[in-house]
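Q: Could you take a close look at one helix of this model and walk me through it carefully?

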Amino acid sequence: MRIRIVDAFTDRPFAGNPAGVLILDDVFPDDDWLQNVAMEVNHAETAFAHRLPAGGDADWALRWFTPVAEVAMCGHATLATAHVLHTTGAHEGPVRFATRSGVLTATPAPDGPLTLDFPTAPLTPVEIPAGVAEALGAQPVAAFDTGPNVGDLLVELADEKAVLALSPDTKSLGAYSSRGIIATARAEDASLGYDYVSRCFFPNVGIDEDPVTGSAHTALAPHWSARLGRDDLTGLQASRRSGLVRTGLRGERTLLTGRAVTVIEGELRA
């Protein structure tokens, strides 16, 4: 079968977040095989999709695996999968994916971007956990639980410089949530094209720092929309690869818009 590496939430190769994408001819193989392929690809996520019978609630079944675990939600690998379906002609128009997080939709725009429709993360203010400042290397000003689908602790820092300067003890960060930590701050200069900045550290699923995390933006969107008084924003995830995610808060749903680029295509023989 064909295997592709797609850079998501970017319009150029070698930026954004890379994902493996495999479009299967039939139902999912056994979980061990899926996990082994994801371990071999060794990117933050590898997505596996197969077509569903016509007339149902979804068009394709979709699952995501990190090199060490299956995850409940992944934005960049969903964007990458939709990109592959549209660029190869396997699907036209909006595509509905049946996932562990319910039915997720990806809608293409005529000029290239794709918009994902994801559930908004329920944010619950929590006390800043003891030790998190030392593990992160910066003092949070607020902390939030992001609910079961995202599974992170969201922490707001004093300013953008503090987010950019982080050099955390990533292993220690795993003690504070099921997946990891989202660190964020307001943009210092919105004229640069983004409203807030973030970085994401997910040691519990084998990812020290994720380049661009769609699922995290389902929590960042309601957080910053409440702070800034606007439903439509742009977030910069300031990893080494970097990427922009346009977010649109729509009540219980969050729209995530970005582009994707296929950088590698080959044949999987295992």
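A: In helix α2, the residues G75, H76, A77, T78, L79, A80, T81, A82, H83, V84 and L85 are buried, where buried means under 20% relative accessible area with a 1.4 Å probe and protein chains only. Before going further, note that this is a predicted model, in which local features need pLDDT of at least 70, side-chain atom pairs count only at pLDDT 80 or more, and totals for chains, interfaces and linings use all residues. Residues are numbered from 1 along each chain as its sequence is written, and side-chain values use heavy atoms, with hydrogens and water left out.

The name α2 follows a rule: helices are DSSP runs of H or I with at least four residues, numbered from the N terminus. This one runs over residues 75-87, which makes 13 residues, and from its first C-alpha to its last it reaches 18 Å. That span is close to the 18 Å expected at 1.5 Å a residue, the expected value being 1.5 Å times one less than the number of residues.

How many of the 13 residues of α2 are buried? The count is 11, so that the helix is described as mostly covered. An α-helix has 3.6 residues a turn, so residues three or four places apart point the same way.

After the helix comes G89, whose phi is positive, near 80°.

Key
Helix = DSSP H or I, 4+ residues; strand = E, 2+ residues; numbered from the N terminus. Buried < 20%, exposed > 50% of the residue type's maximum accessible area, 1.4 Å probe, protein only.
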